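Reader: I am new to this structure. Please take me through one part of it closely, the nonpolar core, and then show me what lies around it.

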Amino acid sequence: MARDPFEIAGTRVAPGTSQAVTLPVSTLPDHTPVGLQLEVHHGKRPGPTMCVSAAVHGDEVIGVEIVRRLLRAPQLRSLRGTLLVVPVVNSYGFLSRSRYLPDRRDLNRCFPGHPSGSLGSRLAHIFLKDVVKRCDFGVDLHSAAIHRTNLPQVRISPGDSFTRAMALDFGAPVVLTSALRDGSLRAVAAREGVPILLYEAGEGLRFDEMAVRAGVAGILRVMRGKGMLPAKGIAKPKVAPYFCSASSWLRAPAGGLLRTFRAEGETVATGDVLATVSDPFGAVETDLIAPNPGILIGRAILPVVNEGDAVFHLARLSPSADEDTVDDLSAQLEADPLFDEDEII
């Protein structure tokens with residue numbers, strides 16, 4: 001029995017086809033129309049409906065590149081169910097290379113939104129109502145803010161077995177248990193019964209090839225795990241991720257020039273020297289010391305810091321964690337094959 005077409009914003013997408021759709025949002029001050037653009041892939045055979053979104057923060061361009069490659073993945077020809085993909089949720093911030101909306105609001109604190117609220121509230125309302133609530137689950141793609149970088153990692157909610165299973169399928173090196181924040185897409189979607197897995201990797205306004213490849217591979221694995229894609233051609237993760245229930249930012253002990261001795265993905269022990277801050281004359285040097293063992297899941301990029309600036313994001317590991325496993329995880333990410341040019345251009 002043939003599936004019904006997927007209907008969205010007055011557009012009917014036939015089974016076995018894909019189509020670009022624009023949801024009107026507003027107009028710019030010069031009356032240029034602004035819309036929420038998405039691509040709908042409606043499989044011939046029944047299955048779940050999944051959304052993949054990027055650039056909720058406009059400067060997080062890694063997610064946009066992940067989406068671009070995902071949409072050209074040959075595996076989608078065997079899709080079961082329906083895939084809704086939004087490459088750029090916050091087009092205002094994306095065009096201005098800013099994390100925020102024109103009124104300086106953070107879109108990821110504007111959910112569930114309101115049709116007659118602020119610009120961010122209206123955009124959040126449209127995205128939630130017309131895209132997210134049409135889905136059974138989703139993946140939301142993020143990166144660190146500008147001048148910071150993140151190790152590929154996924155965030156799940158405490159006690160959420162569904163997103164935990166998605167995280168295991170995804171195969172990122174680290175799974176961080178993170179409480180839901182008021183106004184965030186993840187929190188509001190969870191209340192609506194749509195679990196969202198959050199992927200964090202790389203730096204704002206920059207591409208990172210390993211982070212992009214890990215993101216594409218992880219989404220395909222999630223789709224395979226949920227029965228949307230066949231197993232053929234999609235390798236399972238070779239190494240189980242670390243689950244971390246706590247993390248903290250280690251801050252610069254003084255202002256000055258920062259010299260870092262450790263990188264994201266490295267494990268550290270209590271008392272390890274992670275970085276040194278020196279004054280411009282080199283007369284005074286202050287070390288930044290690891291207060292506990294863990295894995296570095298994020299770090300600052302800029303070599304000039306003020307006292308109190310966040311320098312390293314340190315997550316606590318399970319007692320069985322060791323350096324060899326982290327090395328294996330890094331090797332796995334490096335080994336994920338590149339798509340051929342005709343598949344990604």
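Author: What follows starts at the core and then moves on to cysteines, a helix, salt bridges, the surface and some backbone details.

Keep in mind that this is a predicted model.

Start with the core. In soluble globular proteins, nonpolar side chains tend to be buried together. Here the largest nonpolar core has 40 residues. Met50, Val52, Leu141, Phe170, Tyr199, Ile219 and Met223 have the most contacts inside it. Several elements each supply at least two residues of this core. Among them are the strands S5 (45–54), S6 (80–86), S7 (137–142), S8 (148–156) and S10 (196–203). The helices H1 (62–70), H4 (161–170) and H6 (209–225) do so too. H6 gives the most, with eight residues.

Look at Met50 up close. Set aside its neighbours within four places in sequence. Met50 is then in contact with Thr82, Leu83 and Leu84, among others. Its contacts also include Cys135, Phe137, Gly138 and Val139. Ile219, Val222, Met223 and Met228 are on the list as well.

There is also a second, separate core of 33 residues. Leu23, Cys51, Leu84 and Val194 are included in it.

Now the cysteines. A disulfide is a covalent bond between the sulfur atoms of two cysteines. A search of the whole structure finds zero disulfides. Cys51 is in none, and its nearest cysteine sulfur, that of Cys135, is 3.9 Å away. The cut-off for a disulfide is 2.5 Å between the sulfur atoms. Cys51 is buried, with a relative accessible area of 3%. Cys244 is buried too, at 0% relative accessibility.

Next, helix H1. Eight of its nine residues are buried, so H1 is mostly covered. The buried ones are Ile62, Gly63, Val64, Glu65, Ile66, Val67, Arg69 and Leu70. Charged residues are in that list: Glu65 and Arg69. Both take part in a network. Salt bridges that share partners join Glu65, Arg68, Arg69 and Glu209 there.

That leads to the other salt bridges. Side chains of opposite charge can pair when their charged atoms come close. The count for this model comes to twelve salt bridges.

Take Asp103 and Arg105. Their side chains meet in a salt bridge at 2.8 Å, N to O. Asp103 is partly exposed, at 33% relative accessible area. Arg105 is partly exposed as well, at 41%.

Then take Glu192 and Lys133. Their closest N and O atoms are 3.8 Å apart. This pair links distant parts of the chain, 59 residues apart. Glu192 sits in the loop between helix H5 (185–191) and S10. Lys133 sits in the loop between H3 and S7. Glu192 is partly exposed, with a relative accessible area of 40%. For Lys133, also partly exposed, the value is 43%.

A further pair is Asp272 and Arg262, whose side chains meet in a salt bridge at 3.3 Å, N to O. Ten residues separate them. Asp272 is in the loop between strand S14 (267–268) and strand S15 (273–278). Arg262 is in the loop between strand S13 (256–260) and S14. Asp272 counts as partly exposed, at 21% relative accessibility. Arg262 is partly exposed at 22%.

Move out to the surface. Phe261, Val273 and Ile289 form a nonpolar patch there. Together they have about 230 Å² of accessible area. Ile289 lies in strand S16 (residues 285–289). Its relative accessible area is 38%, so Ile289 is partly exposed.

Last, the backbone. Most residues other than glycine have a negative phi, and most peptide bonds are trans. Ala9 has a positive phi, near 50°. Ala9 belongs to the loop between strand S1 (6–8) and strand S2 (11–13). Ala9 is exposed, with a relative accessible area of 52%. His31 also has a positive phi, of about 75°. His31 is placed in the loop between strand S3 (17–27) and strand S4 (33–42). At 63% relative accessibility, His31 is exposed.

One peptide bond deserves a look. Phe111 and Pro112 are joined by a cis peptide bond, with omega about 5°. Pro112 lies in the loop between helix H2 (91–96) and helix H3 (119–130).

How values were computed
Residues are numbered from 1 along each chain as its sequence is written. This is a predicted model: local features need pLDDT of at least 70, side-chain atom pairs count only at pLDDT 80 or more; totals for chains, interfaces and linings use all residues. Side-chain values use heavy atoms; hydrogens and water are left out. A nonpolar core is a set of buried Ala, Val, Leu, Ile, Met, Phe, Trp, Tyr and Cys residues joined through side-chain atoms within 4.5 Å. Buried means under 20% relative accessible area, exposed over 50%, partly exposed in between (1.4 Å probe, protein chains only). Helices (H or I, at least four residues) and strands (E, at least two) are DSSP runs, numbered from the N terminus. Contact means heavy atoms within 4.5 Å. Patches are made of residues with over 30% relative accessible area and no salt bridge: like charges are joined within 9 Å, nonpolar side chains (Val, Leu, Ile, Met, Phe, Trp, Tyr) within 5 Å. Accessible areas come from the Shrake-Rupley method with a 1.4 Å probe; for residues, only the protein chains shown count as cover. A salt bridge is a side-chain nitrogen of Lys or Arg within 4 Å of a carboxyl oxygen of Asp or Glu.
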